[in-house]
Amino acid sequence: MENLKLNSFYDVIIVGSGPSGLGAAFKLAENSDKKILLIEKKKISSGGLRNDCKQNYTYPVGFPLEYWSKEEAHALLEEVKNHLNPKMEKRLNIDKYIQRAKKLDVNILTIDQAHVGTDKSSKLINDLIQKLRDLKVTVALQTEVKELNENKKEITLDNGFKIEFENIILGPGRADYDWMQTQMDRIGVTYSDNIVDIGIRVETKEENYPIVKDYYDPKILFPNKVRTFCTNSGCAHIVREKYKGYYSVNGHSLSKEKKANNLVNFAMLKTIRLTQPVVSGQQFGKILGQMVMQLSGGSVIMQRVGDFRLGQRSKKETFNEDLYDFKPTLSNAVAADLSLSMPAKILRDIWSALKKLDSIVPGVLHPSTILYYPEIKTYSNKPQFLNKNFMVKEGYYIVGDGAGTSRGITAAWSSGIRAANDILKNKK
Ligand SMILES: Cc1cc2nc3c(=O)[nH]c(=O)nc-3n(C[C@H](O)[C@H](O)[C@H](O)COP(=O)(O)OP(=O)(O)OC[C@H]3O[C@@H](n4cnc5c(N)ncnc54)[C@H](O)[C@@H]3O)c2cc1C
């Protein structure tokens with residue numbers, strides 16, 4: 001916990017310094033003289049702002065349709081731009097891909113996007129925090145909110161210190177969904193969680209997926225709710241992330257100043273919407289992740305496309321002794337068999353999408369291409385909101401990915417602005 005003397009009351013407490021918390025904090029600090037406390041349990045916020053930091057500026061990427069219209073999103077995205085000062089990526093020569101995609105019932109979205117890179121993002125975050133401090137926001141880093149106290153507008157910190165508030169904006173992100181769930185139970189907010197994205201991460205040589213030269217992170221929508229997600233090139237790597245009880249793969253890339261490794265990675269995800277009797281997307285994702293842990297001796301798995309097509313598992317030798325000349329960037333993935341670990345419906349739809357992608361960008365299914373599994377993107381517990389500015393109870397707002405109001409940096413920032421606007425509307 002930071003050595004910072006905190007007051008026992010603030011007009012607004014914001015929990016989490018991810019994009020949703022930052023969006024709310026800037027909006028309030030620049031438009032009122034309210035006493036604001038921003039609390040972050042880590043030294044620096046986690047999530048996409050810190051990792052890779054691709055910012056999407058075109059609706060509907062990152063904006064769940066049930067909460068956002070195009071007009072609402074684009075109006076707030078202008079405010080996000082003012083704080084993040086994005087340098088947009090170029091998008092050239094993609095007409096040929098769009099034409100091919102149309103014939104296959106596939107939609108390539110053309111979006112405005114900027115990329116910071118994992119090596120540069122901590123400076124961006126530290127600069128934003130400093131700007132907030134200059135605006136007189138109290139920022140308490142390495143300080144955890146232990147709980148929201150029932151029947152009182154009050155929180156307790158991890159050291160037992162209690163702070164009262166007039167309004168609280170909670171932006172704890174997706175990773176802390178269980179904390180958020182417990183707090184919603186405590187303050188009597190109802191919620192649901194029935195969606196999860198399950199898929200693979202594809203890694204190949206850039207020459208097999210040249211579309212990235214013209215369109216940095218192509219957003220491609222396939223039939224059966226399958227889509228590409230988070231494409232990385234330049235100096236691109238796959239990582240293994242630890243979740244509660246399982247690992248998920250993910251990808252990131254460094255800024256353009258770093259030496260390129262000429263590899264590309266991207267996810268192919270299928271959105272699963274569960275109905276009775278299985279209603280928890282988080283639980284479903286965890287079960288699948290744990291099955292891979294069992295089959296891989298506690299890790300994630302990978303398979304070469306060549307082996308997958310032949311219906312045979314990949315082995316250690318596949319990666320050490322074959323004729324292909326690129327090594328997996330995730331060295332602790334275990335060579336195995338995707339078909340043994342992935343539910344048939346998901347595998348079928350993703351493979352069918354990959355074949356279509358190979359017709360749009362010929363070469364991506366080169367035998368050397370690696371498929372890593374699982375990539376699991378959980379959705380949070382969606383609270384029952386009282387108004388369209390994400391109020392769940394008088395004086396309580398839940399925003400960002402942790403509330404299902406966004407699925408990306410810019411949308412999370414926008415959701416924080418919306419909650420702040422609601423508080424400003426009621427300014428005394
Ligand atoms: C590895 C990775 C890479 C990603 N890459 C991208 C990308 O390139 N582009 C993109 O648009 N999206 C990306 N995303 C998604 C993106 O991170 C989220 O959409 C976005 O960060 C959501 O913002 P948020 O404010 O809701 O939550 P978060 O950014 O997750 O922030 C929540 C913050 O709250 C803090 N917190 C939680 N509980 C407490 C507590 N009790 N007390 C105090 N603090 C607490 C957490 O430490 C965290 O810093 C990525 C996600 C991950 C995990």
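**Entry 1: terms and numbering**

I count as helices the DSSP runs of H or I with at least four residues, and as strands the runs of E with at least two, both numbered from the N terminus. I number residues from 1 along each chain as its sequence is written. The model is predicted, so I note local features only at pLDDT of at least 70 and side-chain atom pairs only at pLDDT 80 or more, while totals for chains, interfaces and linings use all residues.

**Entry 2: cis peptide bonds**

I looked up the backbone of strand 19, residues 370-378, and found Pro374 in it. The bond that joins Tyr373 and Pro374 is a cis peptide bond, with omega about 5°. A second cis bond runs from Gln276 to Pro277, with omega near 5°. Pro277 sits in the loop between strand 16 and helix 6 (281-296). For background, I note that most peptide bonds are trans and that most residues other than glycine have a negative phi.

**Entry 3: positive phi**

Which residue of the hairpin of strand 7 and strand 8 takes a positive phi? I find that Asn151 does, near 60°, and that the hairpin has five residues between the strands. Asn151 is not a glycine. Asn151 counts as exposed (12 or fewer other C-beta atoms within 10 Å of its own, with C-beta atoms placed from the backbone), because it has 8 C-beta neighbours inside 10 Å. Strand 7 (residues 145-148) and strand 8 (residues 154-157) run antiparallel and are joined by three bridges; I count two strands as paired if DSSP finds at least two bridges between them. Glu147 has Thr156 in strand 8 as its bridge partner.

I looked up Asn262 next: its phi is also positive, about 60°, although it is not a glycine. Asn262 belongs to the loop between strand 15 (246-253) and strand 16. Asn262 is partly exposed (between the limits of 12 or fewer for exposed and 20 or more for buried), with 13 other C-beta atoms within 10 Å.

**Entry 4: strand 1**

I checked how enclosed strand 1 (residues 9-15) is: five of its seven residues are buried, so the rest of the structure largely encloses it. Strand 1 runs parallel to strand 9 (residues 162-170), with six bridges between them. Phe9 has Glu164 in strand 9 as its bridge partner. Strand 1 also pairs in the parallel sense with strand 2 (residues 36-39), over four bridges. There, Ile14 stands opposite Leu38. I note that strand 1, helix 1 and strand 2 make a right-handed β-α-β unit; right-handed means that, with the strands pointing away from the viewer, the path from the first strand over the helix to the second runs clockwise.

**Entry 5: the open sheet**

I traced an open sheet of eight strands in the order 4-12-13-16-11-19-17-18, with mixed pairing. Strand 4 (107-109) and strand 18 (334-335) are at the edges with a single partner strand each, so one side of each has no neighbour in the sheet. Strand 12 (residues 219-222) and strand 13 (residues 226-232) pair in the antiparallel sense over two bridges. Leu221 has Arg227 in strand 13 as its bridge partner.

**Entry 6: the ligand**

How many residues surround the ligand? I find 38, and the closest are Gly16, Gly18, Gly48, Gly173 and Gly400; a residue is near the ligand if its C-beta atom, placed from the backbone, lies within 6 Å of it. Helix 1 (19-31), strand 3 (54-56) and helix 11 (409-425) each supply at least two residues of this shell. The largest share, three residues, comes from helix 1.
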